[in-house]
Amino acid sequence: MPPRRRGSSGFRGVRVRPRGRFYAEIRAGGFRLTLGTYNTPELAARAYDAAAWRFRRPRRDMNFPDVESLEEAEFLAPAPCLVDDEDRRRHRQVQRRIAIAEHDEQLMRQWRAQFPNDVDNTDAFFADLRAQRRSNRRHRRAVAEFELENPNTTWTENDPRWDDIWTETTSDDE
């Protein structure tokens, strides 16, 4: 039987993914075992070799035939990426959240196109709100500075209103 050809990665059991990562898998007993996706073809090939050693494959089927034992192959291979039920649950949850966010963005685009006056009113509302907050911060700072210079202040030493002296008054935040 002729030796199996090596893929575009140059290694047996390693394929290039569209985004430039490398996917490793090994076939045994009529099934395919996924070994994971790696950043370099060498790491994926090391993972393949470790699996090939576990399946007792001959050295001619290895990517690195100079490795002498299963222990050495496992030492050189990257840590396996184990996927458990918790990982799957988290992945489904993230995918649901992404789908909801994409749907929300689509609805917002439709709303903006359908009701441009509402968009203008919303922008004006938040601009007014920022201006009010900025004005309130300036007022609180002026009062705190006045109390600082006033020898007959009624504020105690631990009064939290003293913190308003250091309040930033030029920011549009909050």
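**View 1. The largest nonpolar core and the residues that touch most of its members.** In this predicted model, the largest nonpolar core has 20 residues, and Val14, Ile26, Leu35, Tyr38 and Ala44 touch the most other members. Three elements each supply two or more residues to this core: β2 (22–28), β3 (31–38) and α1 (41–54). Of these, α1 gives the most, with eight residues. The next views take up some of these pieces one by one.

**View 2. Ile26 and its surroundings in the core.** Ile26 is one of the core residues that touch the most other members. Setting aside neighbours within four places in sequence, you will find Ile26 in contact with Phe31, Arg32, Leu33 and Leu35. The same list of contacts for Ile26 continues with Tyr48, Ala51, Ala52, Phe55 and Arg57.

**View 3. Leu35, a buried residue of strand β3.** Leu35 sits in strand β3, and its relative accessible area of 14% makes it buried, since the cut-off for buried is under 20%. Not counting residues up to four places away in sequence, Leu35 touches Ala24, Glu25 and Ile26, and also Ala47, Tyr48 and Ala51. Val14 makes a handy landmark here: 21 residues along the chain from Leu35, with 9.6 Å between the two C-alpha atoms. Both Leu35 and Val14 are among the core members that touch the most others.

**View 4. Helix α1 and what encloses it.** How many of the 14 residues of α1 are buried? Ten are, so the helix is largely enclosed by the rest of the structure. The buried residues of α1 are Pro41, Ala44, Ala45, Ala47, Tyr48, Asp49, Ala50, Ala51, Ala52 and Trp53. Their cover includes β1 (14–16), β2, β3 and α2 (70–76). As for length, the end C-alpha atoms of α1 are 20 Å apart, which agrees with the 20 Å that 14 residues should span at 1.5 Å a residue.

**View 5. Arg56, a positive phi after α1.** Following α1 comes Arg56, with a positive phi near 55°. Most residues other than glycine have a negative phi. Arg56 is not a glycine, yet its phi is positive, at about 55°. Look for Arg56 in the loop between α1 and α2. Is this residue buried or exposed? Arg56 is exposed, because its relative accessible area of 73% lies over the 50% cut-off.

**View 6. Phe75 on helix α2.** Phe75 belongs to helix α2. With a relative accessible area of 69%, Phe75 counts as exposed. A useful partner for finding your way is Ala50, one of the buried residues of α1. Phe75 and Ala50 are 25 residues apart in sequence, and their C-alpha atoms are 8.7 Å apart in space.

**View 7. Where helices α3 and α4 meet.** Helix α3 (residues 85–114) packs against helix α4 (residues 116–149) at an angle of about 100°, and the two axes are 5 Å apart. Angles of 65 to 115 degrees count as roughly perpendicular, so that is how α3 and α4 are placed relative to each other. From α3, the residues Trp111, Arg112, Ala113 and Gln114 take part, meeting Pro116, Asp118, Val119 and Thr122 in α4. Sorted by class, this contact of α3 with α4 has four nonpolar, two polar and two charged residues.

**View 8. Helix α4 from end to end.** With its 34 residues, α4 reaches 50 Å from its first C-alpha to its last, close to the 50 Å expected at 1.5 Å a residue. Which residues of α4 are buried? They are Val119, Arg134, Arg137, Ala144 and Glu147. The cover over the buried residues of α4 includes α3. Val119 also appears in the previous view, as one of the α4 residues that α3 meets.

**View 9. Asn158, in the segment after α4.** Asn158 lies in the segment that comes after α4. At 71% relative accessibility, Asn158 counts as exposed. For a sense of scale, try pairing it with Val67: Asn158 and Val67 are 91 residues apart in sequence and 70 Å apart in space, C-alpha to C-alpha.

How values were computed. Residues numbered from 1 in each chain as written. Predicted model: local features only at pLDDT ≥ 70, side-chain atom pairs only at ≥ 80, totals over all residues. Heavy atoms only, no water. Core = buried A, V, L, I, M, F, W, Y, C linked by side-chain atoms within 4.5 Å. Buried < 20%, exposed > 50% of the residue type's maximum accessible area, 1.4 Å probe, protein only. Helix = DSSP H or I, 4+ residues; strand = E, 2+ residues; numbered from the N terminus. Contact = heavy atoms within 4.5 Å. Expected span 1.5 Å × (residues − 1). Axes fitted to C-alpha atoms, helices over the stretch in contact; angles between N-to-C directions. Parallel < 35°, antiparallel > 145°, perpendicular 65-115°, else oblique. Nonpolar A, V, L, I, M, F, W, Y, C, P; charged D, E, K, R; others polar.
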